[in-house]
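Visitor: Please take a close look at one part of this model, the charged surface patch, and then place that part within the rest of the chain.

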Amino acid sequence: MVKNTFISVISQEEKEENRGSVEFQIVGFTNKIRRLTSHLELHRKDYLSQRGLRKILGKRQRLLSYLAKKNRVRYKELISQLDIRDSKTR
C-alpha cells in the first residue's frame, strides 16, 4: 500500500517520539492526498471528496510554508523524499 512506503521514510524510533512533528504531519497529509487522488480518478463526481482534498492540500501547504520559514534544510530534504513540487515563493 502507498501509505506504508511513505511512512517508512521516517524511522520507527522517530515515529514514536515525533507524531506531532511538522514532517510527520506533512507525510500523513501527502498519503491522504495520494489516496484521495487515486479515488477521484475513479469517481470524478465525488464532490465531497474533492472538497476534502482541497482542504488537505491547504493544510499541507501551510505546514510546508511554516517549515520552509523555520528550517530550510529540513524542508528541502522532505520535499525530495516525498517527491513533491517545491512551493513558489511570493
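Guide: Two helices, α3 (22–42) and α4 (47–70), each supply at least two residues of the positive patch. Helices here are DSSP runs of H or I with at least four residues, strands are runs of E with at least two, and both are numbered from the N terminus. The model is predicted, so local features need pLDDT of at least 70 and side-chain atom pairs count only at pLDDT 80 or more, while totals for chains, interfaces and linings use all residues. Residues are numbered from 1 along each chain as its sequence is written, and side-chain values use heavy atoms, with hydrogens and water left out.

The patch is formed by Lys32, Arg35, Arg51, Arg54, Lys55, Lys59 and Arg62. Its largest share, five residues, comes from α4. A patch is made of residues with over 30% relative accessible area and no salt bridge; like charges are joined within 9 Å, and nonpolar side chains (Val, Leu, Ile, Met, Phe, Trp, Tyr) within 5 Å. Lys and Arg count as positive and Asp and Glu as negative, with His and the chain ends not counted. Each charge is placed at NZ of Lys, CZ of Arg, CG of Asp or CD of Glu. Accessible areas come from the Shrake-Rupley method with a 1.4 Å probe, and for residues only the protein chains shown count as cover.

Arg35 is the patch member to examine on α3. Its relative accessible area is 40%, so Arg35 is partly exposed. The classes are buried under 20%, exposed over 50%, and partly exposed in between (1.4 Å probe, protein chains only).

Ser49 lies in α4 and, at 15% relative accessibility, is buried. Leaving out residues up to four places away in sequence, Ser49 touches Leu36, His39 and Leu40, where contact means heavy atoms within 4.5 Å. Further along α4 is Ser65, which is partly exposed at 29%. Ser65 and Tyr75 are 10 residues apart in sequence, and their C-alpha atoms are 8.8 Å apart in space.

Helix α3 also takes part in a salt bridge, that is, a side-chain nitrogen of Lys or Arg within 4 Å of a carboxyl oxygen of Asp or Glu. A search of the whole structure finds one such pair: the side chains of Glu23 and Arg74, at 2.4 Å from N to O. This pair links distant parts of the chain, with Glu23 in α3 and Arg74 in α5 (residues 72–82), 51 residues apart. Glu23 counts as buried at 18% relative accessibility, whereas Arg74 counts as partly exposed at 37%.

In the segment after α5 is Asp83. Its phi is near 60 degrees, a positive value in a residue other than glycine. Asp83 is exposed, with 66% relative accessibility.

As for the whole chain, the secondary structure comes to five helices and zero strands, in the order α-α-α-α-α along the sequence. Of its 90 residues, 31% count as buried. The chain exposes about 6,800 Å², and carbon and sulfur atoms supply 51% of that area. Among contacts between residues at least 6 apart in sequence, 53% join residues at least 24 apart.
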